[in-house]
Amino acid sequence: MILFCSEYLVLANYFDTSIEFLKGVGPQRAALLQKELKIHTFGDLIQHYPFRYEDRTRFYSIKEVNETMPHVQIKGKILRFEMMGGGRKKRLVAYFEDETGELELVWFQGINWTLDKIKPGIEYVVFGKPNRYGRTISIAHPEIEPVTNTSEKKGFLQPVYPLSEKLRNKYLDNRFLIKIEKDLLAVALPHVRETLPDYLRKKLKLISKSEALQHIHFPQSHEWLTQSQNRLKFEELFFIQLRLIKMKLVRQEKFKGLVFNDTSILTRFYDEHLPFPLTEAQKKVIREIYQDMKSGKQMNRLLQGDVGSGKTIVAFICMLLVIGSDAQAALMAPTEILAQQHYNNLKKYADMMDISISLLTGSTKKKARNELHYRLQTGELKILIGTHALIEDEVKFNRLGLAVIDEQHRFGVAQRSKLWQKNKEAYPHVLVMTATPIPRTLAMTLYGDLEISVIDELPKGRKPIKTTHQYDSHRLQINEFIRQQIKSGRQIYIVYPLIEESEKLDLKHLMDGYESIVRAFPDVPVSILHGKMKPEAKDFEMDRFVRGETKIMVATTVIEVGVDVPNASVMIIESAERFGLSQLHQLRGRVGRGAEQSYCILVTDYKLSAESKIRLGTMVKTNNGFEIAETDLKLRGPGDLMGTQQSGALDLLIADLGKDAAVLKVARETAIRILENDPELAKPEHKVVKQQIESLKKTAVNWSRIS
Ligand code: ADP
Ligand code: MG
């Protein structure tokens, strides 16, 4: 029975009831459940889904049972009991048989209780882990119940819930969770509200919410379990997509887009100056962007393309479209070095076309800055490249038509929108470029409010980077290889891991590594770069390496993002097993930018976990960033993949972005179709959807969690 104080009766939502008021819980256990599993309310508990199920749908015959099986369920009768051994070895043995054979059930504890409750000659269902002693198979402390109620005769899938050690120590174990989930379902199921319209459930063949909740905890069969999982996964992904697509539609409706459809300058560039034929993927993406820019709606597009796939020229071509219609373009990069590099690259193209272009960073001098501000305001300056200095208030454009943002993850959303507001007439089109390939499912969830374009092809004639895995013990051969490469004019990166938890030790490894390199190559100038250095010192060292004054760069992952040194052809990654797959790929992307054959050497010691082996193997096998990202997603899950700052959006209760691509696709398409036909969800059949959105909004800032 549930205790209801009057104040709980007036709760708008039954599922906001504190878990404390569930039968058999009470304040102390409630506190533990809150602390250990973040279960505060009935709603939290009903959504605390099992992470696996013990299969008790099938019965084994004793003849089949052997000690390699994890758990078995058998049906039979006890012939007799016998007490064996003495002292600490004292135990109760029951001889248990079915038509096919005999095995032993063993109890070391609770002997009296067992003798009292369990009787020979009655048919029992026994469940447990089989072991072998000599020729005898035995099961210690089995679960044992008489074959009475019909559902257990048929067998069932027993839920196994996520738990913590602390809970287990306080006897809040799986059995306890099963009990309270059962108790909760018994009282709560009538209160479960359907959240999906009937017509949709019919069409997609989804079972009801209340059936799904019941069978996700206590599935009657494998079939019911699958149905429940499908239903709940769909619902979870559907409401996320609904929110993202709604955001997108609102933006499109509120913000009219500048119309850019004059292609005359662009055509001149194509005809006279295009330095190489564009890849099919580049052409496709340019077409997508052009469609957006002439549509009258504001563009918000994410452009993904692996390192070296040629995003820069795509950005430039889009800028031409804007300039052709008398507007301006800006490109914002996360660091000065990157801004400088973009400026150098784009200036080559801009000069060919006689288009004015400037660079603005923190170190731009006051006088140059003032002049630049003036030219920007008159509209004489067409392209501005820079760091976040671009978003400062005194930077005013005449007519900003396109904002390109490189390496998205470094900028927050707030910064992005500051750039938008630089045009009073209408928000400029926004193109976010990233070289971090993100699996489609993840992109649809994290950037589901943006349009997504992908350059999935490298320019022809690139030499793929050769990647090998080497053990520490081959140091001499590795050094010999470095010597050879330097002799033929190349430069080398050597990267060490540095993470906060082991910062001191990591820094020492880096320094030791640096010293041994200096010792091994006394006549070669070597740079060193790590996060603890002052920004000026970092820039200075990076500059020396970029200019080719130093031949070897010993560094931590600070070099990960974007820096382009075409002459660097070897990337050596030390303790490679400590890097994530996507990070390894990012690092490898620092080489392979020039005409020469490039190499990546992953160095580890002999001891490697199974997962490390998969990571290293994947790196050796493929250069395809999307393939690597998919594997990474499957290995680590989305939260770890994207870092903690974004994991909130990825805290999924049941759907798995590594596995549920098909469900996600349907959820997204469904959300789009519904919002296109009924943008305000005003139709009666969508009332349940609207209600659920409101309720999700409320739980997002649930008062019970603010403590
Ligand atoms: P990223 O996508 O990493 O920013 P870039 O735009 O810097 O890549 O391009 C990498 C290199 O490839 C540059 O030197 C660029 O000039 C060259 N490039 C880009 N597109 C093509 C193409 N279609 N054919 C040949 N080379 C290309
Ligand atoms: Mg680039």
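Reader: How far does a polar side-chain atom of Q282 lie from a nitrogen atom of ligand 1?
Author: This is a predicted model. Q282 is among the closest residues to ligand 1. A polar contact needs N or O atoms within 3.5 Å. The pair formed by a polar side-chain atom of Q282 and a nitrogen atom of ligand 1 is at 2.9 Å.

Reader: Which oxygen contact of ligand 1 involves T312, and at what distance?
Author: K311 places a polar side-chain atom 2.8 Å from an oxygen atom of ligand 1. T312 also has a polar side-chain atom by an oxygen atom of ligand 1, and that distance is 2.6 Å.

Reader: What share of the accessible area of ligand 1 does the protein cover?
Author: On its own, ligand 1 has 570 Å² of accessible area. The part covered by the protein is 74%.

Reader: How many charged residues does the shell around ligand 1 have?
Author: The shell counts 16 residues. Of these, 6 are nonpolar and 6 are polar. The charged residues number 4.

Reader: What span should helix α13 have at 1.5 Å a residue?
Author: Helix α13 runs over residues 311–324, which is 14 residues. Its end C-alpha atoms are 20 Å apart. That agrees with the expected span, which is 20 Å.

Reader: How many residues of α13 are buried?
Author: Buried means under 20% relative accessible area. Helix α13 is largely enclosed by the rest of the structure, because most of its 14 residues meet that mark. The buried count is 13.

Reader: Is D326 buried or exposed?
Author: D326 lies in the loop between α13 and β11. Its phi is near 65°, a positive value in a residue other than glycine. Most residues other than glycine have a negative phi. The cut-off for exposed is over 50%. At 56% relative accessibility, D326 is therefore exposed.

Reader: Is L681 buried or exposed?
Author: L681 sits in the loop between α25 and α26. Its phi is positive too, near 50°. Its relative accessible area is 8%, so L681 is buried.

Reader: How far apart in space are Y49 and A537?
Author: Y49 is in the loop between α3 and β1. Y49 is buried, at 10% relative accessible area. In sequence, 488 residues separate Y49 and A537. C-alpha to C-alpha, the distance is 52 Å.

Reader: What distance separates the centres of domain 2 and domain 3?
Author: Domain 2 covers 54–160, and domain 3 covers 278–455. Taken over C-alpha atoms, their centres are separated by 69 Å.

Definitions and conventions: Residues are numbered from 1 along each chain as its sequence is written. Chains are lettered from A and ligands numbered from 1 in the order in which they are written. This is a predicted model: local features need pLDDT of at least 70, side-chain atom pairs count only at pLDDT 80 or more; totals for chains, interfaces and linings use all residues. Side-chain values use heavy atoms; hydrogens and water are left out. A residue is near a molecule or strand if one of its heavy atoms lies within 4 Å of it. A polar contact is a pair of N or O atoms within 3.5 Å; within protein, one must be able to donate a hydrogen and the other to accept it, and residues adjacent in sequence count only if both atoms are side-chain atoms. Accessible areas come from the Shrake-Rupley method with a 1.4 Å probe; for residues, only the protein chains shown count as cover. Ala, Val, Leu, Ile, Met, Phe, Trp, Tyr, Cys and Pro count as nonpolar, Asp, Glu, Lys and Arg as charged, and the others, Gly among them, as polar. Helices (H or I, at least four residues) and strands (E, at least two) are DSSP runs, numbered from the N terminus. The expected span of a helix is 1.5 Å times one less than its number of residues. Buried means under 20% relative accessible area, exposed over 50%, partly exposed in between (1.4 Å probe, protein chains only). Domain bounds come from an automatic or database domain assignment.
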